[in-house]
Amino acid sequence: MNTNSEIINERSRMNDPIKSFDFKAFVAKLKADWWVFLISLVLCGVLGVLFMYYKSPAYNITSEVLIADNNTSSSSIGSSSSLLDLSSLLDLKSNVDNEAQVLQTKHLMDKTIRDMNLNIIYYLRRTITDQQINRSPIIAELVKPVDTIMTTTFKLYPIDKSKFELVYKQTNPDLSTTSQDIVLHYDQLFNAVGVGLIRVKKNPLYSFGEGQSYRFDIESVDQRIYDLQQIFTVTVTSTTVTTIDLVFDYPIPREGEQILNTLINNYRDQDVRLNNMVADSTINFIDRRLLVVNSELSSIEQNLQLYKQKNDLADMNEQGKLLVGSSSTYMDELTKNQTQLSIVNSLLEYLNDDTKNKTVVPESVLPADLIFTSLVEKYNQLLMDRDRQLLSVTKDNPFMQNVDAQIVSLRKDMIKNLSTTKKGIEITNQQLKASTKNFESQINQVPPKQRIIMDMSRQQGIEEALYVYLLQKKEETEITRNSNLSIATIIDPPKSDYKPYSPNIYIVAAFAMFMGLVFPIMRVYIKDLMNNKILTRDDIVQLCNIPIIGEISHSKSKESIIVLDSSRSAISEQFRALRTNLHFFINKNDEKVILLTSSMSGEGKSFVTMNLACVLAISGKKVLIMELDLRKPKISTYLGLENTNGFSNYIISNDMRPESMIVPSKVHENLFVISSGPIPPNPTELILDERADDLMAKLKKDFDYILIDAPPVGLVTDAQLMNRFSDMCLYIVRQNYTFKEQLKIVNELYTTKKLKKLSIVVNDIVVKMSYGYSYGYGYGYGYGYGYGYYQNEEKSNIFTRFKKRIRKK
């Protein structure tokens with residue numbers, strides 16, 4: 001039995017409500033929803049299996065490329081200390097970093113997509129998601145695409161060996177979509193708006209699966225570039241080595257390897273093309289000179305032949321041969337000098353042409369001039385480096401501006417060097433010409449016709465020597481061009497992982513289990529958060545400071561009075577405990593009247609009134625129930641009593657005596673009832689009548705306890721008017737029925753003391769751990785309902801089992 005100090009402690013604890021999160025109560029709710037956890041785990045597990053089956057796999061296709069150190073580039077740029085200082089100052093990227101940027105350019109990916117037609121993607125249709133394939137039995141050919149391709153999905157259903165059905169949604173110029181369903185023959189052209197002219201043909205390498213349908217998506221190249229760049233990663237592994245790691249994520253391993261291999265080959269071809277620019281420029285220059293020299297040589301040979309035939313001349317005589325032989329040494333030197341002078345003039349014309357100020361200069365055309373050759377090598381290397389840098393930086397970059405300044409400076413140096421070389425060649429020519437004048441005077445003594453032939457032969461020799469020299473240089477340049485290699489070497493060819501990295505079965509299983517636990521927890525938490533009704537004792541404690549005097553569990557019986565039929569039931573024990581606790585609130589002889597009210601109808605006020613009256617009557621007390629809910633009386637109906645003569649009749653009729661309206665309850669000999677009588681139009685005025693005060697004074701003398709069933713305080717003020725009759729007020733709160741907001745009303749009544757000795761009785765407690773309630777009871781040991789209540793459940797059950805054993809003995 002609870003002591004007076006326990007009640008005081010309980011009331012004191014109510015004045016300091018718990019504001020923190022009740023973890024144990026929350027865990028109790030989770031345990032009660034174990035079946036939700038089971039269903040959630042099973043469902044998430046099934047979803048995880050479906051995800052593993054339908055999710056397109058993603059394989060890591062990896063490759064490693066070695067970037068060779070370019071000594072020429074290093075020497076050409078490194079020769080300028082200012083450039084090195086600027087690079088260090090601006091923290092510019094190394095050559096490997098630049099090549100990594102080149103590998104990620106849209107231009108390179110664009111060429112790869114066009115080479116492999118990657119903007120047309122094939123799928124095998126399935127129930128939930130379609131599976132991307134590369135071994136497709138169909139080939140879609142975009143014969144004439146439109147300028148801007150709209151991404152379109154085509155669903156193909158084979159009909160027979162020659163026809164198929166094609167379903168797709170075409171995007172109109174106004175961006176609206178129209179569904180299309182057409183039947184076509186294979187190899188038949190058709191036009192799709194927003195895509196272009198398309199032909200679908202069979203792939204002879206693969207056959208159609210039985211009952212299978214297919215799909216192909218056509219995207220714009222730009223869209224496909226964006227998609228593939230999102231799954232392509234280029235990483236410079238270390239600053240101490242010149243290797244680049246390439247990682248490509250793709251759902252089809254073999255096709256992914258082909259894509260990465262094609263991209264690397266395109267990159268290497270592009271690098272070789274850049275390196276061949278110098279050789280191509282040299283070859284083009286030599287080809288132009290060969291055309292000129294060949295034309296001149298042919299003209300000289302033709303004139304010589306015609307002159308001999310016209311004059312019927314044979315070979316030169318011995319004197320002529322001797323003169324020509326003696327002058328051959330000088331003529332060879334003069335020929336070489338004239339050739340060099342011709343090349344120098346062409347180079348000067350080339351360098352002074354402003355339209356070619358950013359093009360490479362032919363190399364190896366002046367091998368004797370080592371200074372000029374070195375300048376050309378540096379100049380050409382700077383140009384190639386500039387082109388590579390422009391793939392990753394803009395022209396306004398300080399580094400690029402410095403490179404442009406270096407190029408302009410080197411171009412001026414080459415022009416100055418060529419001008420100096422030209423003067424030297426011209427001086428040498430003058431000396432050679434002076435030396436040959438001696439021979440010319442001797443040649444003049446030869447007969448005129450022989451002299452003409454000798455002049456023409458000399459010119460023929462000069463042109464032949466020049467022609468042979470240019471052919472030799474062209475062959476040398478061709479050899480150099482064909483020996484050019486890319487600076488990138490594939491040291492680890494593209495290779496897919498053996499297993500896909502996604503979806504990962506362990507991650508999916510862990511995530512499925514995690515979500516299988518999170519959903520039920522969030523369900524309980526949100527349900528608790530969104531709940532606006534009283535569910536647990538803590539809900540009451542946190543919202544008001546009113547003591548809880550008793551708790552009544554849910555009754556499965558349809559009877560209104562259950563304490564008499566089931567005297568050993570849990571509910572009977574709870575009402576007995578409530579009766580015991582009343583003694584701590586009304587313990588004086590003149591404190592007999594208990595007012596029972598609630599927030600609204602349906603909270604069990606009449607049920608608690610009748611059963612509490614019964615347990616008081618069972619204890620030998622003379623008890624009276626006054627049915628003063630004049631607006632909606634129920635007790636008379638529950639007890640099977642007539643309600644024709646009651647409180648309203650007594651107040652209206654001055655001749656009526658109290659004894660005439662007091663009737664036995666028929667449920668216990670000590671229990672009596674005063675019914676409400678006919679429902680009056682003015683209940684409040686009847687309660688305020690003086691005869692009501694006289695009636696209560698007389699009834700207190702005749703009965704030990706008087707229980708007043710009052711209307712809900714949340715609806716009318718009748719209960720507050722009846723407070724003058726009562727010595728204590730029991731406020732009924734029903735679990736999962738009374739709104740939390742309504743406790744503000746009772747808390748205000750308690751704070752303002754409008755109701756005497758106000759206490760709360762929690763009714764209709766459902767024995768569910770999800771509500772935070774669980775109860776046990778023991779005879780004479782009090783009662784407990786859930787976490788934080790008067791008695792621990794385990795101890796209560798122990799006492800119950802102990803008393804049952806004593807009873808059996």
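These legends describe close-up views of a predicted model.

**View 1. Helix α3 packs against helix α15.**
Two packed helices are described by the angle between their axes and the distance between the axes. Here α3 covers residues 34–54 and α15 covers residues 505–530. The angle is about 150°, and the axes lie 8 Å apart. The crossing of α3 past α15 is right-handed. From α3, the contact residues include Val 36, Phe 37, Leu 41, Gly 45, Gly 48 and Phe 51. From α15, they include Ile 505, Val 508, Met 513, Gly 516, Phe 519 and Arg 523. By class, the contact has 15 nonpolar, four polar and one charged residues.

**View 2. A salt bridge joins Asp 287 and Lys 474.**
Side chains of opposite charge can pair when their charged atoms come close. The structure holds 23 salt bridges. In the bridge between Asp 287 and Lys 474, the closest N and O atoms are 2.8 Å apart. Asp 287 belongs to helix α9 (residues 253–311), and Lys 474 to helix α14 (residues 448–482). The two parts are 187 residues apart in sequence, so the pair ties them together. Asp 287 is partly exposed, at 26% relative accessibility. Lys 474 is also partly exposed, at 22%.

**View 3. Lys 605 and Asp 709 form a salt bridge, and both are buried.**
The closest N and O atoms of this pair are 2.7 Å apart. Lys 605 sits in helix α18 (residues 605–618). Asp 709 sits in strand β19 (residues 705–709). The pair links distant parts of the chain, 104 residues apart. Strand β19 also takes part in the eight-stranded sheet of View 5, between β15 and β16.

**View 4. Asp 702 and Lys 698 form a salt bridge within helix α22.**
Helix α22 spans residues 690–702. The two residues are four apart, about one turn of the helix. Their closest N and O atoms are 3.1 Å apart. Asp 702 is partly exposed, with a relative accessible area of 33%. Lys 698 is partly exposed too, with 27%. Elsewhere, salt bridges with shared partners join Arg 125, Asp 130, Arg 215 and Asp 217 into one network.

**View 5. Eight strands form an open sheet with mixed pairing.**
The strand order is β14-β21-β20-β15-β19-β16-β18-β17. At the edges stand β14 (548–553) and β17 (662–664). Each has a single partner strand, so one side of each is left without a neighbour in the sheet. From one strand to the next, the twist averages 25°. Strand β20 (residues 728–734) pairs with strand β21 (residues 758–765) in the parallel sense. Six bridges connect these two strands. Leu 730 has Ser 759 of β21 as its bridge partner.

**View 6. Six strands form an open antiparallel sheet.**
The order is β3-β2-β10-β5-β6-β7. Here β3 (131–133) and β7 (177–185) are the edge strands. Each has a single partner strand, so one side of each lacks a neighbour in the sheet. Neighbouring strands are turned by 30° against each other on average, direction ignored. Strand β2 (residues 120–124) and strand β10 (residues 214–218) pair in the antiparallel sense over five bridges. Ile 121 stands opposite Asp 217 in β10. Asp 217 is also one of the residues in the salt-bridge network named in View 4.

How values were computed:
Residues numbered from 1 in each chain as written. Predicted model: local features only at pLDDT ≥ 70, side-chain atom pairs only at ≥ 80, totals over all residues. Heavy atoms only, no water. Axes fitted to C-alpha atoms, helices over the stretch in contact; angles between N-to-C directions. Left-handed = near helix turned anticlockwise from the far one by under 90°. Contact = heavy atoms within 4.5 Å. Nonpolar A, V, L, I, M, F, W, Y, C, P; charged D, E, K, R; others polar. Salt bridge = Lys/Arg side-chain N within 4 Å of Asp/Glu carboxyl O. Buried < 20%, exposed > 50% of the residue type's maximum accessible area, 1.4 Å probe, protein only. Pairing = 2+ DSSP bridges.
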